[in-house]
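Student: I've got a model open and I'd like to go through the labels one by one. Can you walk me through what earns each of them?

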Amino acid sequence: MRDALVAAAFQLFLERGYEQTTIDDIVALAGVGRRSFFRYFPSKEDVVFPDHERCLADMTAFLASGGDEHEPVQRVCDAARLVLRMYNENPTFSVQRYRLTKKVPGLRAYELSVVWRYERALADYLRGRFAGRPDGTLQADVIAAAVVAAHNNALRSWLRSDGQRDAATEVDHALGYVQSAFGNPPAPAAVQVQQQPEDVVVVVSRRDAPLWRVVQEIESALGRD
């Protein structure tokens, strides 16, 4: 029923426009009552973003399951990829929502409030990991904002391509900047240096031989005549 309500809502949004569509219109097309609608969605805005609550819960659980063995910046970057996965599950729907959100200021404001909740989840995790550091709270907030900005920049690029580009590659590239700027660099790989055999030249010369003669003999032994 939840999926039916979302499908009915977007069909009407595309046909009539968001502002011109009422909740009564949505439930009539879906064939359910108003009570059923509000069982799943608190408002008409929520039907436009049906999966964000689940995704936020998944992100929070993912961060909470991380231990000290996980590098903090890498962990929040991986958490942001959960949001991408949600969008990438249904590219057609994601592109339709992107277009709709651009046209309706109220939906854009709602989306920004959702983005802020993701950012706070990332920042709360980092604050815990950076507790005791000088400027730990500041670092956590800055890194969380950077992760969200990088992710959303790549996500919008993918949505503007109508979902045709490789979303994962776009996001990995953007988050790579955050990782390189704030994360701990991996330990350098050990470099093996191949030892070259030493080339030893022994020259026997008279003690009273002039220096130029000794040099000449050395060059001759080395084949530098």
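Student: Let's start with charge pairs: how many salt bridges does the structure hold?

Tutor: It holds 13 salt bridges. Keep in mind that this is a predicted model.

Student: What makes Arg117 and Glu53 a salt bridge?

Tutor: Set the distance against the cut-off. The closest N and O atoms of Arg117 and Glu53 are 2.6 Å apart, and the rule asks for a side-chain nitrogen of Lys or Arg within 4 Å of a carboxyl oxygen of Asp or Glu. So the pair qualifies as a salt bridge.

Student: Why can one say that this pair of Arg117 and Glu53 ties parts together?

Tutor: Because Arg117 sits in helix α8 while Glu53 sits in helix α5, and those parts are 64 residues apart in sequence.

Student: Are Arg117 and Glu53 buried, exposed or partly exposed, and how do you know that?

Tutor: Buried means under 20% and exposed means over 50%. Arg117 comes out at 36% relative accessibility, so Arg117 is partly exposed. Glu53 has a relative accessible area of 46%, so Glu53 is partly exposed too.

Student: How do you know that Glu89 and Arg54 form a salt bridge?

Tutor: Their closest N and O atoms are 3.6 Å apart, and the limit is 4 Å. The pair links distant parts of the chain, with Glu89 in helix α6 and Arg54 in helix α5, 35 residues apart. There's a network here as well: salt bridges link Arg54, Asp58 and Glu89.

Student: Why is Glu89 called exposed, and what is Arg54 called?

Tutor: Glu89 has 52% relative accessibility, and exposed means over 50%, so the label fits. Arg54, at 38%, is partly exposed.

Student: What is the N to O distance between Arg127 and Asp141, and what does the pair tie together?

Tutor: The distance is 2.8 Å, and their side chains meet in a salt bridge. Arg127 belongs to helix α8 and Asp141 to helix α9, so the pair ties together parts 14 residues apart in sequence. As for Asp141, its relative accessibility is 24%, which makes it partly exposed.

Student: On to empty space. How many cavities of 30 Å³ or more are there, and what makes a cavity a cavity?

Tutor: The count is 1. A 1.4 Å probe fits in a cavity but cannot get out. The largest cavity holds about 40 Å³ of space.

Student: Which residues line the largest cavity?

Tutor: Arg54, Cys55, Asp58, Leu82, Arg85, Met86 and Glu89 do. The largest share, 4 residues, comes from α6. By type, the lining divides into 3 nonpolar, no polar and 4 charged. Arg54, Asp58 and Glu89 are the members of that salt-bridge network.

Student: How much space lies in the largest pocket, and which residues are closest to its centre?

Tutor: About 390 Å³. Of the 23 lining residues, Glu111, Val115, Asn152, Leu155 and Arg156 are closest to the centre. Helix α8 gives the most to the lining, with 7 residues. The lining splits into 13 nonpolar, 5 polar and 5 charged residues.

Student: Is Glu111 buried or exposed, and what makes you say so?

Tutor: Buried. Glu111 has a relative accessible area of 17%, and buried means under 20%, so the label follows. Glu111 lies in helix α8. Leaving out residues up to four places away in sequence, Glu111 touches Phe49, Tyr87 and Thr101.

Conventions
Residues are numbered from 1 along each chain as its sequence is written. This is a predicted model: local features need pLDDT of at least 70, side-chain atom pairs count only at pLDDT 80 or more; totals for chains, interfaces and linings use all residues. Side-chain values use heavy atoms; hydrogens and water are left out. On a 1 Å grid over the protein atoms alone, a cavity is a set of points where a 1.4 Å probe fits but cannot get out, and a pocket is an open set with protein on both sides within 12 Å along at least five of seven lines; lining residues have an atom within 4 Å of a point. Grid points are joined across faces, edges and corners, and a volume is the space filled by probe spheres set on the points. Helices (H or I, at least four residues) and strands (E, at least two) are DSSP runs, numbered from the N terminus. Ala, Val, Leu, Ile, Met, Phe, Trp, Tyr, Cys and Pro count as nonpolar, Asp, Glu, Lys and Arg as charged, and the others, Gly among them, as polar. Buried means under 20% relative accessible area, exposed over 50%, partly exposed in between (1.4 Å probe, protein chains only). Contact means heavy atoms within 4.5 Å.
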